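Consider how charged side chains are arranged in the model below. The paragraphs that follow go through pairs of opposite charge and then through patches of like charge.

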Amino acid sequence: FVTQIGFGGPGASLVIFRPPRTDEEHELIRKLTKECEPIPLEKLFLMDAKRFATIGHDLQALISGVIALELVVNQEKLQPYFWEKVFRHFWKGWYSRIKIQRVLRARNVPESLLAKVNYAVRERNRIIHRGKRVLKGEIDEHLSAIEQAINSLV
């Protein structure tokens, strides 16, 4: 919904804007609430990522999308390799990327999708760990790859 209070010209109005959700997202929320089941956390983060992308907050959209992917990946029980146990505390952002790759390869995800997901996670790491403010890739491609990866894992 949009609430608008005008005090004169178009530049002098206060606007409270809530980004729209798609019809599919509204239907999903209705279905999940009717069944009295909690909405999976990764679905909420993915819906928020799409909402942020819709209003132009690409950095927050990518961060939310990768969080959704990490939630699904962390549900998988993989025994870490010895070198992962030793070096994971020294790697900024690499450990999550390696774990995501291992889980997706274990599920036989195509290499093209794995490369796109890896690129999205690297972009997210550039934002989080290096303070970058501009994406190199397109947010729609990143979110599409993340959503495909989540759907192959769930």
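**Charged side chains**

Glu123 and Arg126 are both buried. This is a predicted model, and burial here refers to a relative accessible area under 20%. The two side chains form a salt bridge, with 3.2 Å between the closest N and O atoms. Glu123 and Arg126 are 3 residues apart in helix α6, which spans residues 111-130, so about one helical turn separates them.

Side chains of opposite charge can pair when their charged atoms come close. The cut-off applied is 4 Å, between a side-chain nitrogen of Lys or Arg and a carboxyl oxygen of Asp or Glu. By this rule the model has 5 salt bridges.

Another of these pairs joins Glu147 to Lys50, with an N to O distance of 3.0 Å. Glu147 belongs to helix α7 and Lys50 to helix α2 (residues 41-54), so this salt bridge ties together parts of the chain that lie 97 residues apart in sequence. Glu147 has a relative accessible area of 26% and is therefore partly exposed. Lys50, at 30%, is also classed as partly exposed.

A further salt bridge links Glu111 with Arg105, and its closest N and O atoms are 3.6 Å apart. How exposed are Glu111 and Arg105? Glu111 has a relative accessible area of 51% and counts as exposed, because the class begins over 50%. Arg105 has 46%, so this residue is partly exposed.

The patches of like charge come next. For these, a residue needs over 30% relative accessible area and no salt bridge, and like charges are joined within 9 Å. Which residues make up the negative surface patch? Asp58, Glu138, Asp140 and Glu141 form it. Of these, Glu141 is placed in helix α7, which runs over residues 139-153. Its relative accessibility is 55%, so Glu141 counts as exposed. Helix α7 is also where Glu147 of the salt bridge to Lys50 is found.

A patch of positive charge lies on the surface as well, made up of Arg122, Arg130, Lys132 and Lys136. Arg122 sits in helix α6 and is partly exposed, with a relative accessible area of 38%. Helix α6 thus holds Arg122 of the positive patch along with the pair Glu123 and Arg126. Arg122 is partly exposed, whereas Glu123 and Arg126 are buried.

Notes: Residues numbered from 1 in each chain as written. Predicted model: local features only at pLDDT ≥ 70, side-chain atom pairs only at ≥ 80, totals over all residues. Heavy atoms only, no water. Patch = residues over 30% accessible without salt bridge, like charges linked within 9 Å, V, L, I, M, F, W, Y side chains within 5 Å. Areas by Shrake-Rupley, 256 points an atom, 1.4 Å probe, with all protein chains shown as cover. Lys, Arg positive; Asp, Glu negative; His and termini not counted. Charge placed at Lys NZ, Arg CZ, Asp CG, Glu CD. Helix = DSSP H or I, 4+ residues; strand = E, 2+ residues; numbered from the N terminus. Buried < 20%, exposed > 50% of the residue type's maximum accessible area, 1.4 Å probe, protein only.
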